[in-house]
Every structure is written in structure tokens, then in C-alpha cells.
Amino acid sequence: MTSLTVIAVPMFALFIAIEYFYDYWSKTGEYSERKDTWTNIFVGLISLIFGAFFALLFTSAYTFLYNLSPFRLSANAWYIWVLALVLDDFLYYWFHRVSHESRFWWNFHVVHHSGEHYNLSVAVRQSWFGNSVAWLFYLPLAVLGFPLVVRVSVHGLNLIYQFFIHTSFIPKLGFIEYIFNTPSQHRVHHAVNPQYLDKNYGGIFSIWDRMFGTFVEETEKPRYGIIKPIKSFNWLWINTHAWFEMRETMKTKKTLFGKLRCVFASPNMDFE
């Protein structure tokens, strides 16, 4: 089953090009580091190859649980699609939050945050190996009886929506901010300003952040990247550096608890 995000790749390329030329003509500087932009694009293209492999794993596990489920929801009912979209985004919120608050998961997700510029090309800067574990968070939809085609489709729509919030050119959107995740809210999420760290995890909706106390409004200009900048355009290193850094930190711990804390506790513990 082909993901909607794969089908949307030409659209992503078109909008990245449009934003690039707008940035060039307006001289805003969001694409001033061309090597960073091309790194985002090539890391993203390779992630599609790895993603196709891990999709087989997800499909097998999802189908297995779906066949065991006593529930069967119809893909022909429009409200099932709406419900699936909302639940998928709810599960995405928790996947995304854990990916920031536990170092094991962060080691995958850090790829997406390690660029120091913020534009549409950042949206495709994705971990090569993240989908090896991300699929675990979405298995509840199989248990609840949502057909695989519904889950794959609504998650694809979620990711396509998120592509368009990776931009600095759209300001705050008024009352829309109370329901939907917006570029302003996602700029906060990508920022390393102290008050912005580990906030605004929602995919499509901002209601989860408001419900669970992780919402912060954009009030000052964001600074992008990660707390310890990677300073590299090496595609493999971008995808693996966090694991090496974690190993070095583990070497400094004398107890098993200390080593396990390095793996599962906050990735910011080294900076506390």
C-alpha cells in the first residue's frame, strides 16, 4: 500500500522550490545555507527507502492485531475516517512527546531537529531509522478495528499537513490557533529558546497540547537547532551521532540505574 506522503513527494518538491525563490527574492535568509537545504532533501529521500522497508513490519503487525480484534469498523463510513484522523493525531501527540522526553526515542527524532534553519525543506529531514520503532504507537488503532487503509491514509494526511507548518513565512492565524497546529506553534516546537523547549507536540491539532499542559505561544523570535549543535552535513552522522553521544555518557555512569537513565530519561539530562 503506497503512502500518501510518497505520492505527495512531487508536491513537496514544488512548494520547497516556490518557498526557496520567494526567500531569494525577499532576502529573508531562511535558505541562506544551501548546503543545509540540500542535506534536508537528501536525508529525506533516503528516509523514504528505509521507510518502505519498515512499512512492511508495521503492516504485518497491524494486520495481525486487526485480525485478532473483535471490532470491525467500516471504511465506507465517513465518520470512521474523521474519528481515525483524530485518534491518529492523539497517538501522534504521545509518540512525539515521548520522542522528546526519552533519550532512546529522541536519538531517532533528533535528526529532524538538528538543522539550524527553518523552512519547508526541514519537514522532509527525517530519521532513516525512526520508523523501526514509531509504528508501535499506532497499533491501538488495529485493536480498535480501524482498517489498515484508513489508518495509513489518515496518517498520510497528518504528515502532509505537517509539511506545510514548517515555514517562517506564515504569521499567527488568529482563532485557528485554538484548534489547529499552525506554523507559529511549530516554530516554537523547533526552537531552542529555554521557554520553548519540549512544547507544542501536536500534529494537526493543538488541542492536545492545551489539554496536557505542553502548549506555549510564540512570543519571541525562535532560535533553531538542538542544544548541542551537530555542525555537520554528513548524512550518516546526522542519523547516528546521538547514539554515540549516549554511549559516551553511559561510560561515565557507574551504576546500572545510571546507565539506564542515560537511555530512557530526558535527553536534556546532560545539560541540567
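A salt bridge, as I will use the term, is a side-chain nitrogen of Lys or Arg within 4 Å of a carboxyl oxygen of Asp or Glu, and in this structure Arg247, Glu248 and Lys251 are linked in a network of such bridges. Before going further, I should say that this is a predicted model, in which local features need pLDDT of at least 70 and side-chain atom pairs count only at pLDDT 80 or more, while totals for chains, interfaces and linings use all residues. Residues are numbered from 1 along each chain as its sequence is written, and side-chain values use heavy atoms, with hydrogens and water left out.

Let me stay with the charged pairs. Searching the whole structure gives 8 salt bridges, and one of them joins the side chains of Asp36 and Arg125, with 3.6 Å from N to O. Because Asp36 belongs to helix H3 (residues 34-68) and Arg125 to the loop between helix H5 (103-113) and helix H6 (131-134), this pair ties together parts that are 89 residues apart in sequence; helices here are DSSP runs of H or I with at least four residues, numbered from the N terminus. Asp36 and Arg125 are both buried, where buried means under 20% relative accessible area, exposed means over 50%, and partly exposed is in between, using a 1.4 Å probe and protein chains only.

A second long-range bridge is formed by Asp88 and Arg151, whose closest N and O atoms are 3.7 Å apart. Here Asp88 sits in helix H4 (residues 78-101) and Arg151 in helix H8 (residues 148-163), so that distant parts of the chain, 63 residues apart, are linked, and both of these residues are buried. Arg151 also lies over the face of Tyr138, at 4.4 Å from the ring centre; a charge counts as sitting over a ring if NZ of Lys or CZ of Arg is within 6 Å of the ring centre and within 35 degrees of the ring normal. The charged end of Arg72 is likewise placed over a ring, that of Tyr66, 4.2 Å from its centre.

What separates Glu101 and Arg97 along helix H4? These two residues form a salt bridge with closest N and O atoms 3.0 Å apart, and, being 4 residues apart in helix H4, they are separated by about one helical turn. Glu101 is partly exposed at 35% relative accessible area, whereas Arg97, at 17%, counts as buried.

Turning to the rings, the structure holds 33 aromatic pairs, a pair being rings of Phe, Tyr and Trp (its six-membered ring) with centres within 6.5 Å, called stacked if the planes are under 30 degrees apart, edge-to-face if over 60, and tilted for the rest. One of them is the edge-to-face pair of Tyr93 and Tyr201, at 5.9 Å centre to centre with 80° between the planes. Tyr93 is in helix H4 and Tyr201 in the loop between helix H9 (183-190) and helix H10 (207-212), 108 residues apart, and the pair links these distant parts of the chain. Tyr93 is buried, with a relative accessible area of 0%, and Tyr201 is buried at 0% as well. There is also one aromatic cluster whose members include Tyr92, Trp105, Tyr138 and Trp243.

Finally, H5 and helix H11 (residues 235-251) pack at an angle of about 150°, with their axes 7 Å apart; the axes are lines fitted to C-alpha atoms over the stretch in contact, and angles run from 0 to 180 degrees between N-to-C directions. The two helices are therefore roughly antiparallel, the word for angles over 145 degrees, with under 35 counting as roughly parallel, 65 to 115 as roughly perpendicular and the rest as oblique.
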